Amino acid sequence: MANLDARIKEVKSILTSQDILVFEFVSEGGKRFAAIYADGVADKVTLGELVVKPLRAVRKDDVIKVIKRLLASPEVKDGKDTNSAVEEISDGNAALFIDGESEFFIIGLKKPPGRTVAEPPTQIAVKGPREGFTEDIKTNLGLIRKRIKTPNLQIKNIKVGKQSQTNVAICYIQGICKKGLAEKVEEQILNKEIDVIPDSSYIARFLTKKPRSLFKRSATSEKPDIFCAKVSEGRVGIIVDGSPIALTVPYMLIEDFQSGEDYYIESHRATIIRLLRLLSLLVGILLPAFYIAAQLFKIQLIPLKLLLKISSSVSGIPLSPSIEMFLTLFVLEVLNEASIRMPKYVGLALSVVGALVLGDTAVKAGIISTPAIIIVAFSAICLYTVPDLIETTTTLRWLYLIVAGSVGTFGIVLLSALIICYLISERSYGVPLVSPFAPLILSDLKDGAFKSGIFSLSKRPKVLKTQNKVRLKIK
Amino acid sequence: MQAFVQSTGENKINVRQICFILIAFNVCGKLLLFPNNLSYYAGNGLWLAALIDFAVHTLSVWAAAYACSKSDKTFYQRLVITFGKVPAKIIFSLLALLFFAAAIVPINEQKLYVQEIFYDTIPSLIPFLPFFIFSIYAVQKRFSNTGRAADICFPIFIACFLALIISSFTEINLSHLLPVFNEPINNVLKSSLSNIFRFNESAILLAFMGHFKYKKGDCTKITLSYALGGVLVIFFCILFYCVYATLSPDQFFAVSKTSIFFSAINVIGRIDFIVLYALEIVMVFAVVLNLQLCRYCLEEITGYKNSMVLSLAINGVLIVLTVILDHKFGELQKLYGGVFGIIIFAAFTLLPALSLTIKKGAKNK
């Protein structure tokens, strides 16, 4: 027989923070109860309606089984020990202690403050679903369950972060996902000890053996429809509490060239758009580099009429082509960074100052040439056609610029060969990063650089080595 | 023996990738000075000289591919089983040397090509030296990487080669090839012999032996791929001669010369450079292949598995040689075009023949 006051004291000795509240109440029959919960995270209304109200009817001599039956909450678990009670309270649930009983209950009351489901700002679609993940893991899992109703959908909950104890859900479909992959992902996450997980990007670093690499090893998505499509292809999805960005592994580079909309529009249009993205990315990365390499080392690369125009623009510019390009790119990066960080209203003014005052005046003053500004601006626009790769591509643009300014076009070729050589040897959970191109898998090319119609995509990607290969059967 | 089996596991390549290598890398290695060198002695019979070279070497490639079909052991394992460890090591040392020697001319060719095509004014050796950074990185990579590089390079090669061919069509004059047997056969043979050192694909196959899963019909696929590569080179040689005729021997780096008369160039500039630069990506992979194989042979001989150290050593020697041989390409070509080149070719041809006679060894489980 446990004394209620002693139990409360025991828990409060561990959870000493003032936002841990203890609500003591007595039933009409005289039985004493205490619900301990974290203020602001637990739902007090639910506690009152589904726990306190029904327990009013408890008599003094009612046994624990009768009390449990009276609880109206759908989420009631038996508590194990004080430590588990502490964990659950920190997580937003309530521990219900009963005077004179050694057993206690955990009541699911978690309702952290958060925003409602809205269209994600990073993956806007003209056609297709507009729902996006939120920061609440329960909402996110609900959005997944709404789309994948099979009993084979497995969700494994783990806690990561010594201090934050962040909930991480590993999702996969049993019978489709490659055997052992989910366990491997879990192991990769759990074998790192960290204090706090503020966002899924931390988990993304855990999922790779080369966290310093320029190229990521897990795909990100803010949209449940894309996430579910990837999970149903045989990938493992990872949802992190507090982050609206979900992760999926294995990752292939081509995934970032695919957008959700590609699957909702006509396949020929999707193919054109994909090729356009690929071309834009190449132009975005290489154009500034080729521009300075042409000016410095191989003037023949520029057509004569254009060359005459450029030469009239650059004559009188005090800076060398590479310094000019560096400076222009530097200004672009600064403007980009500042416009993201600044408050909305100031940001608007900043873009006017940046575009008109800085750009126009710099050209008029003869510090920077017009072609340099056009090239940098066009390059920036091109890179945003593949927004998920923007961190990598902007870095690559700098690298190419350095190489082009020092070695010229041969440097561009060598750096490209080096990047190809690096990429073809890299893998994400056993899947080559540049598949289905290297190694070449013809059947997977149907959803690679070009997009086939839905009936041609009857099989899951071969490279994922799924247990169930067929995703579409025509009866 | 267990170590061999493990090492081949990490070192896998597949037949499709070998075929791509035999087409893309093979052709790319023969687009720079091969056509104009052939035309130097053979004139409009350059295609005949190329045909002889390819015909002879296709037999050698077939022999190597056939040898691959007989066993799932690597060439080194089979040499050890047949002759014992020491003779196997001696033969593999020779093979390593041959691969190294076979890489010297292409690298120096590349150096000259880069100096001419990538820069307005011929620069010093310095701008070419970053090539060795790539080489050091690529040479230490395994065969699986080589295969994937071939997968990536093949479509680039096809697109670029087609673009160059199409843009060359405007200026061709087929009558330059007439009469067909204008040049004396001696000149054609001399031309063949002086360029035969460029043919080492059968030895590449020997190095890949045991590193790919042989299936029925693969021997034919491999041989036909090589022959197709040969056809493409011969076709390019014909095209080149049809554009430049008797001026061909003086038109160095044929690949960059045939498309300069393309009408679009007058309007939108030297767009052919973009194609040439893309093709250069394939070429650098093709050039380092011999060095990769040299590293592989050294690894087998020494049992030393730190491929980065071996790559650094090979490239270090090559950098020194490139610096020494700067401005001496003529002498180098004379050396390779003479007896030395024939010795290299003979060795590269004898080894596949040898591979047909050595023991197969028991099948790997």
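Visitor: Which residue in β2(A) stands opposite Glu24(A)?

Guide: In this predicted model, the residue of β2(A) that stands opposite Glu24(A) is Ala34(A). The strands concerned are β1(A) and β2(A), the latter covering residues 32–38, and they pair in the antiparallel sense over seven bridges.

Visitor: What makes β1(A) and β2(A) count as paired strands?

Guide: Two strands pair if DSSP finds at least two bridges between them, and β1(A) and β2(A) share seven bridges, so the requirement is met.

Visitor: Why are β1 and β3 of chain A called edge strands?

Guide: The open sheet has five strands in the order β1-β2-β4-β5-β3 (chain A), with antiparallel pairing, and β1 (20–26) and β3 (76–78) each pair on one side only. Direction ignored, neighbouring strands of this sheet are turned by 25 degrees against each other on average.

Visitor: How do the directions of helices α1 and α2 of chain A, judged against β2(A), fit the words parallel and antiparallel?

Guide: Helix α1 (residues 4–14) of chain A lies across β1, β2 and β4 (94–98) and runs at about 10 degrees to β2(A); angles under 35 degrees count as roughly parallel, so that is the word for α1(A) against β2(A). Helix α2 (residues 44–55) of chain A lies across β1, β2, β4 and β5 (104–107) and runs at about 170 degrees to β2(A); angles over 145 degrees count as roughly antiparallel, so α2(A) takes that description.

Visitor: In chain B, what makes α2(B) and α13(B) roughly perpendicular?

Guide: Helix α2 (residues 15–28) and helix α13 (residues 272–302) of chain B pack at an angle of about 100 degrees, with their axes 8 Å apart. Angles from 65 to 115 degrees count as roughly perpendicular, and the two helices therefore belong in that class. Ala24(B), Phe25(B) and Cys28(B) on the α2(B) side meet residues of α13(B) that include Leu279(B), Val282(B) and Phe285(B), and the residues of this contact divide into nine nonpolar, no polar and no charged.

Visitor: What makes up the side of chain A that touches chain B?

Guide: The contact takes 26 residues from chain A and 27 residues from chain B. On the chain A side, the largest share, twelve residues, comes from helix α15 (residues 409–425), and the residues of that side divide into 19 nonpolar, six polar and one charged.

Visitor: How do you know that chain A is more spread out than a compact globule?

Guide: The radius of gyration of chain A is 29 Å, whereas the globule rule gives 23 Å for 475 residues; the value is well over that reference, so chain A is more spread out than a compact globule. Along its principal axes, the C-alpha trace spans about 100 × 60 × 40 Å, and chain A holds 15 helices and twelve strands.

Visitor: Why is Gly405(A) called buried?

Guide: Gly405(A) has 22 other C-beta atoms within 10 Å, and a residue is buried if that number is 20 or more, so the term applies to Gly405(A). Gly405(A) lies in helix α14 (residues 390–407) of chain A, and, not counting residues up to four places away in sequence, Gly405(A) touches Ile292(A), Leu296(A) and Ser322(A). Gly405(A) and Ser322(A) are 83 residues apart in sequence, yet their C-alpha atoms are 5.6 Å apart in space.

Visitor: Why are Lys465(A) and Ala245(B) classed as partly exposed?

Guide: Lys465(A) has 16 C-beta neighbours inside 10 Å, and Ala245(B) has 15 other C-beta atoms within 10 Å. The buried class begins at 20 and the exposed class ends at 12, so both residues fall in between.

Visitor: What makes the backbone of these two residues worth a remark?

Guide: Most residues other than glycine have a negative phi. Lys465(A), in the segment after β12 of chain A, has a positive phi of about 50 degrees although it is not a glycine. Ala245(B), in the loop between α11 (218–244) and α12 (263–268) of chain B, likewise has a positive phi of about 50 degrees without being a glycine.

Visitor: Where in chain A do the prolines of the cis peptide bonds lie?

Guide: Most peptide bonds are trans. The bond from Val249(A) to Pro250(A) is cis, with omega near -5 degrees, and Pro250(A) sits in the loop between β10 (246–249) and α9 (267–296) of chain A. The bond from Ala438(A) to Pro439(A) is also cis, with omega near 0 degrees, and Pro439(A) lies in the segment after β12 (431–432) of chain A.

Conventions:
Residues numbered from 1 in each chain as written. Chains lettered and ligands numbered in written order. Predicted model: local features only at pLDDT ≥ 70, side-chain atom pairs only at ≥ 80, totals over all residues. Contact = placed C-beta atoms within 7 Å. Helix = DSSP H or I, 4+ residues; strand = E, 2+ residues; numbered from the N terminus. Nonpolar A, V, L, I, M, F, W, Y, C, P; charged D, E, K, R; others polar. Axes fitted to C-alpha atoms, helices over the stretch in contact; angles between N-to-C directions. Rg over C-alpha atoms; globule rule 2.2 N^0.38 Å.
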